[in-house]
Amino acid sequence: MSEPLPIAVLVSGTGTNLQALLDTVHGREAKIVAVASSAAGVAALDRAAARDVPTRVFARGDFESRAARDETMAAWLEQRGARLVVLAGYMELLGDSFLERFPAGVINVHPSLLPAFPGLGAIEQALAYGVKVFGVTVHFVDGGVDTGPVILQRALELPDAREPTEVLAALRPLEHALLPQVVRLFADGALAPDPGNPRRMLIDPQAHVVGEG
Ligand code: GRF
């Protein structure tokens, strides 16, 4: 097997997606070399520390500007050797200067079927709209809000859902399956843009794709 892919994970809160990565790909296809948080004292930092993964907090208020925060954070992630950056519940926008420093990839997990319901409160937006099908998207990050090329999506019918907490609980297992799966595909070199439509990510059919999880 080839060397694990060094990845960084950016978090802001509970860190259940980080935990899914720690429990699945970490030490196998990938090695989480850094966890950066936009907030101090969050559970995600404890999850990383419990597995001896180096952590740092980059709170927006500690920097002159978002660009300065991005710059310092990018430098630390580069120094740790990260080749892929995974946003796992990271609640801040990243500027172009950050994205340009990780040209191989920055990916995000979002609790809706994009392009429906981008941005904050995706589940609340979906409930307010009255949809019957919810879902999860893992996508590459570009300069927009949840606008980058889609890598994997999975839908879930919840025709009677009323409460955001209920939808979130139902979507969690989908997120925890899809995000590690995308990291595996990336580490395998199994993702490539369709030459006919660079927004469409092709997945190598030979790649090991885990089914329902
Ligand atoms: C997830 O629902 C993710 O889709 C969204 O933020 C949440 C993070 O949860 N972007 P956790 O911190 O991974 O538990």
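Here are two short exercises on a helix and a ligand site, each with a worked solution.

The model is predicted, with local features needing pLDDT of at least 70, side-chain atom pairs counting only at pLDDT 80 or more, and totals for chains, interfaces and linings using all residues. Residues are numbered from 1 along each chain as its sequence is written, and side-chain values use heavy atoms, leaving out hydrogens and water.

**Exercise 1.** Find which residues of helix α5 (residues 122-129) are buried, and work out what they pack against.

*Solution.*
- Start with burial (under 20% relative accessible area, 1.4 Å probe, protein chains only; exposed is over 50%): Ala 122, Ile 123, Ala 126 and Leu 127 are buried.
- Now look down the axis of α5: the buried residues fall within an arc of 135° (directions from the helix axis to the C-beta atoms), so they line one face of the helix.
- It helps to recall that an α-helix has 3.6 residues a turn, so residues three or four places apart point the same way.
- Turn to the face away from the buried side, and you meet the exposed residues Ala 128 and Tyr 129.
- Last, check contacts (heavy atoms within 4.5 Å): the buried residues pack against β5 (106-110), β6 (133-140) and α6 (164-187).

**Exercise 2.** Locate polar contacts of the ligand with Gly 15, Thr 16 and Asn 17.

*Solution.*
- Use pairs of N or O atoms within 3.5 Å.
- For Gly 15, a backbone N or O atom is 2.7 Å from a ligand oxygen.
- For Thr 16, a side-chain N or O atom is 2.6 Å from a ligand oxygen.
- For Asn 17, a polar side-chain atom is 2.8 Å from a ligand oxygen.

Definitions and conventions. Helix = DSSP H or I, 4+ residues; strand = E, 2+ residues; numbered from the N terminus. Polar contact = N/O pair within 3.5 Å; in protein donor to acceptor, adjacent residues only side chain to side chain.
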